[in-house]
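Me: Please take a close look at the charged side chains in this one, and tell me where they sit and what they pair with. Informal is fine, but keep it tied together so I can follow along on screen.

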Amino acid sequence: MVENLTNRFWKFIKRPEGNAYDEAFTLEETPLVAPVDGQVIVKNQYLSLDAGTRMWITGREDGYQPPLDLNIPMVGLGVGEVIASSDPNFVEGDLVRGFGQWADYSVVTAELSGLMKLDKSIDDIRQHLGVLGFTGWTGMWGIMETGEAKAGENVLVSAAGGAAGMVACQIAKNLGCHVYGTAGGANKCAFLEKEFGITAIDYKSENVEERLAQIEGGIDVYFDNVGGPQLDAVFPNMANYGRIAISGLIAEYSGQPTHPARFDQILMKRLTVKGFFSPDFADQGPRLTEALKEQYLAGKLNMPFDVTDGLDNMLAAYTKLFTGGNIGKTLVKLF
């Protein structure tokens, strides 16, 4: 019975300065109680750590969603097993994904959390947070829908060593594009070139703008996860009528918004710049998942994982997202 279980969770208590997450969260405990009013209790097996959540914990009111309130359990995406349910659409033993809490057990209302049953036949359930989940949706949508990439075009992906960036690189490669990616450090760049066959640029040790200037014909599609100085390096190296698909702005999440120094290039090169946000196309999730699953099962799409064990180590894992310590999808393993 859930009444005999204790739930540990990370409580959001202060808006962090920089990467001072130890001051922003505290690990607390509370007894679990039986679900009521359509609630479902999920025993979390893996929790997903995503850079976009950094903006949720700022005080910004002009983001794509309101900032999180203080003194609540931190919200995040997870995969786990239903252990109790008062929702007729979910039963004990279902494998599910949804927005719950940074906790051993997520207590959610199915509709509000986007809870959905998952395919148990997939060989690695972590991929439901990787290529077959929101990360995969983002990579595919940004390249194919927002970026409208076509075979033979030059595609650049920033933060290519991160989860969404890796999917975007592979999707573009599978389309027959010439793919370039920026990443921080020689190890990440070597990994990208070896595993995915792209041309990697180390933004920490190379002059990104000079490297991009060597791309014959310019960049047709830029899948941007970063913003900031890298975006300024890209603008003058875009091809005429190029498309910029903005997925994330890691360079700006913990500070003040920056202003593109080369904004003029949007006019000079007649560029299309468009932001996109996965909840806006969540209704396309089943279609995207099937397309991603086809490539995954064919061995044309994969995702490495950076896994940290234990809820106690959540903040150390979270910090990796903003210090370049991860390659691929960052997860915390619980049970």
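Reply: D312 is partly exposed in this predicted model, with a relative accessible area of 49%. That value falls in the partly exposed class because exposed starts over 50%. Its partner is R8: the two side chains meet in a salt bridge, 2.9 Å from N to O. This pair links distant parts of the chain, with R8 in strand β1, D312 in the loop between β15 (305–309) and α10 (314–323), and 304 residues separating them in sequence. R8 counts as partly exposed too, at 22% relative accessibility; buried would need under 20%.

Stay with R8 for a moment and look at its strand. β1 covers residues 6–12 and belongs to an open sheet of three strands, ordered β2-β1-β4 with antiparallel pairing. The edges are β2 (25–31) and β4 (72–73), each pairing on one side only. Seven bridges hold the antiparallel pairing of β1 with β2, while β1 and β4 pair over two bridges. R8 itself stands opposite E29 in β2. On the β4 side, K11 stands opposite P73, and the bridge partner of F12 is I72. F12 also turns up in an aromatic cluster with Y21, F25, W102, Y318 and F322.

Back to the charges. A search of the whole structure finds 13 salt bridges. One of them joins K293 and D119, whose closest N and O atoms are 2.8 Å apart. K293 lies in helix α9 and D119 in the loop between β8 (116–117) and α3, so this pair ties together parts that are 174 residues apart in sequence. D119 is partly exposed, with a relative accessible area of 29%.

Another salt bridge is the one between D264 and R262, at 3.7 Å from N to O. Here D264 is partly exposed at 34%, and R262 counts as partly exposed at 30%. Some bridges share partners, and in this way R8, D104 and D312 are joined into one network.

Then there's a lysine without such a partner. K188, in helix α5 (residues 186–196), is buried yet has no salt bridge. Why no bridge? The nearest side chain of opposite charge is D306, 8.0 Å away, and a salt bridge needs the nitrogen within 4 Å of a carboxyl oxygen. What K188 does touch, setting aside residues up to four places away in sequence, is A183, G324, N326 and I327.

A couple of lysines have rings for company. The charged end of K117 sits over the ring of F90, 5.9 Å from its centre. The charged end of K43 sits over the ring of F335, at 4.6 Å from the ring centre.

That F335 ring brings us to the aromatics, where a search of the whole structure finds 15 pairs. F335 is paired with Y105: the ring centres are 5.7 Å apart and the planes are at 45°, so the pair is tilted. Distant parts of the chain are linked again here, with Y105 in strand β7 (residues 105–109) and F335 in the segment after β16 (329–333), 230 residues apart. Y105 is buried, with a relative accessible area of 8%, whereas F335 counts as partly exposed at 42%. For another aromatic pair, look at W141 and F281, which are stacked with 4.3 Å from centre to centre and 5° between the planes. W141 is in helix α3 (residues 134–146) and F281 in the loop between β14 (272–275) and α9 (285–297), 140 residues apart. W141 and F281 are buried.

One last charged residue: E148, in the loop between α3 and β9 (154–157). E148 counts as partly exposed at 44% relative accessibility. Leaving aside neighbours within four places in sequence, E148 is in contact with I143, E153 and R243. As for K43, the lysine over the F335 ring, E148 lies 39 Å from K43 in space, C-alpha to C-alpha, and 105 residues from K43 in sequence.

How values were computed
Residues numbered from 1 in each chain as written. Predicted model: local features only at pLDDT ≥ 70, side-chain atom pairs only at ≥ 80, totals over all residues. Heavy atoms only, no water. Helix = DSSP H or I, 4+ residues; strand = E, 2+ residues; numbered from the N terminus. Buried < 20%, exposed > 50% of the residue type's maximum accessible area, 1.4 Å probe, protein only. Lys, Arg positive; Asp, Glu negative; His and termini not counted. Contact = heavy atoms within 4.5 Å. Phe/Tyr/Trp six-rings, centres within 6.5 Å; stacked < 30°, edge-to-face > 60°. Lys NZ or Arg CZ within 6 Å of the ring centre and 35° of its normal. Pairing = 2+ DSSP bridges.
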